[in-house]
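Open the model in your viewer and colour it by secondary structure. We will go from the whole chain down to one residue.

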Amino acid sequence: MASASWLVGGPLGRHALVGRVRFWTPLRVVLLLTVAVLALGWFGKAPCLQQAPGADGQLTLDWQNDRQYVAMCYSDTVPLYGIERLDDPSALPYRDAWTETASDGSTQVRYMEYPVLTGFYQWAAARVTDGWLAAAAVLPLPSGLPVVVYFDIVAIGLALAWIVVSWSVLRLRAPAGRPWDAALVAVSPLVAVHAFTNFDALAVAAACAGMLALARRHPVLGGVLLGLGGAAKLYPLLLLLPVLLVALRRKEIAPALQAIAGAAVAWLAVNLPVALAWPDGWWEFIRLNRTRPADPDSLYYALSYFTGWSGFDGPLRPDQPPNVLNAVSLSLFVAVCAGLVVLAAKAPRPPRLASLAFLVVAAFLLVNKVWSPQYSLWLVPLAVLALPRWRLLLAWMAVDALVWVPRMFYYVGVDQKGLPPDWFLGAVLLRDAVVVLLCALVVRSVLNPATDPLRADPLADQDDPDWPVRRRSQRSAAPVAVGQGGRDGTG
């Protein structure tokens with residue numbers, strides 16, 4: 001931020017008058033930036049919402065000539081509206097199935113493929129869509145194809161979720177005198193590209209709000225939020241391991257146990273009724289994750305492509321689970337978790353919760369057989385909290401966001417003037433290398449706290465701002481206006 005200030009005249013001088021404009025607080029500026037980037041993200045998906053007359057003269061989505069890939073506007077929200085029968089008001093997720101025909105002519109009974117909270121979020125958005133369309137039939141309201149209205153309603157909820165993410169990160173960093181770090185979350189290129197690609201913003205919001213509740217000395221609430229996030233996507237539950245490790249190092253086990261209990265109760269409260277009522281539908285998410293092979297986003301697929309290796313399991317039949325790959329991926333993640341235990345034990349000071357949280361989620365993505373593009377959103381707030389170095393994080397986010405370009409043209413296919421797999425898989429390996437570099441720097445900051453931007457600054461809160469300590473920095477009591485003293489977040 002200090003170097004960027006030269007665009008508006010440079011850093012403040014010794015005799016500058018600051019703090020006179022009270023309206024533009026860091027919170028309001030960060031939220032405004034968040035809304036602006038989310039709007040940019042919506043406009044990026046807008047080409048896939050264009051309508052055109054179909055063969056029967058009725059309006060339909062204009063996805064002709066691979067528009068969704070060529071315009072790089074693809075979102076899972078659009079095809080899933082019809083595939084998962086969300087357009088049918090009588091269909092209920094996890095209860096009602098449909099039959100899917102594979103390319104070889106075989107059929108498969110399918111259910112909602114997402115965790116429970118995400119599945120019912122889609123269903124609720126579809127029912128709001130029905131209500132909006134019914135109202136638009138009698139009132140002067142904007143309307144369009146049902147799937148277009150559905151996308152916009154889903155996008156509103158996802159945008160609100162990411163606003164919660166920015167707000168949570170700012171509140172987490174304000175006590176340490178670094179509220180502007182949250183601007184990295186707001187302006188991330190990954191948000192512009194992937195906020196509306198899938199539904200992951202819901203889980204990210206729950207995870208960040210859970211960390212904030214924990215820092216505010218509400219461990220039960222923090223655990224409940226992490227459990228709800230785990231009911232939307234798995235990854236917020238991974239944060240319970242860092243919570244436990246930090247608690248053990250600080251000899252403050254009670255907050256960790258309360259958070260873990262709250263997460264377990266919340267997760268069970270959401271999942272158990274569905275699992276008991278419709279076990280086949282509830283199991284669908286687990287079944288698909290067990291049977292799907294290595295995705296092109298994974299290290300395993302890239303290694304197989306560039307070396308000619310046939311994979312751990314060799315050729316697989318349709319719907320045959322890659323059991324060896326599953327075991328290898330799980331074993332590698334268990335090994336990484338064991339490494340985190342050692343790291344937390346060997347650190348000269350109790351590690352920061354954000355540092356371990358970033359490492360466990362990044363490791364999960366690196367060794368997993370799937371890294372869907374929107375999964376990178378999981379890392380954005382954790383990276384900002386763990387390693388608030390602006391140039392480095394913006395470089396990683398730009399690299400990760402740009403993977404979307406060769407990915408889309410890889411899907412177009414070489415015969416349709418798309419790109420060969422080499423471009424996409426090379427970009428995947430580059431992204432993974434940058435994430436590994438971030439992990440190495442976070443490990444260094446844990447082993448050498450002097451390299452941690454939050455602990456190297458003598459003005460910053462020397463305790464972990466993400467942990468429920470007994471005393472808080474007095475500087476967090478008053479809001480900071482734009483330009484009013486304090487850290488600029490350059491790290």
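Start with the whole chain: it holds 20 helices and four strands. Both are DSSP runs, numbered from the N terminus: helices are H or I with at least four residues, strands E with at least two. This is a predicted model, where local features need pLDDT of at least 70, side-chain atom pairs count only at pLDDT 80 or more, and totals for chains, interfaces and linings use all residues. Residues are numbered from 1 along each chain as its sequence is written, and side-chain values use heavy atoms, without hydrogens and water.

Switch on the surface. The chain exposes about 21800 Å², and carbon and sulfur atoms supply 66% of it. These areas come from the Shrake-Rupley method with a 1.4 Å probe.

Next, select residues 259–278. An unreviewed UniProt entry lists this stretch under "transmembrane region"; such annotations may be inferred rather than shown by experiment. The stretch is 95% helix and 0% strand, with its end C-alpha atoms 29 Å apart.

Move on to residues 392–411, also listed in that entry. Here the chain is 95% helix and 0% strand, and the end C-alpha atoms are 30 Å apart.

Now zoom in on Ala 97. It sits in the loop between helix H3 (77–83) and strand E3 (98–101). Is Ala 97 buried or exposed? Its relative accessible area is 28%, so Ala 97 is partly exposed (buried is under 20%, exposed over 50%, partly exposed in between; 1.4 Å probe, protein chains only).

Show its surroundings. Leaving aside neighbours within four places in sequence, Ala 97 is in contact (heavy atoms within 4.5 Å) with Arg 85, Val 109, Arg 110 and Tyr 111.

Last, select Asp 280. Ala 97 and Asp 280 are 183 residues apart in sequence, yet 9.3 Å apart in space, C-alpha to C-alpha.
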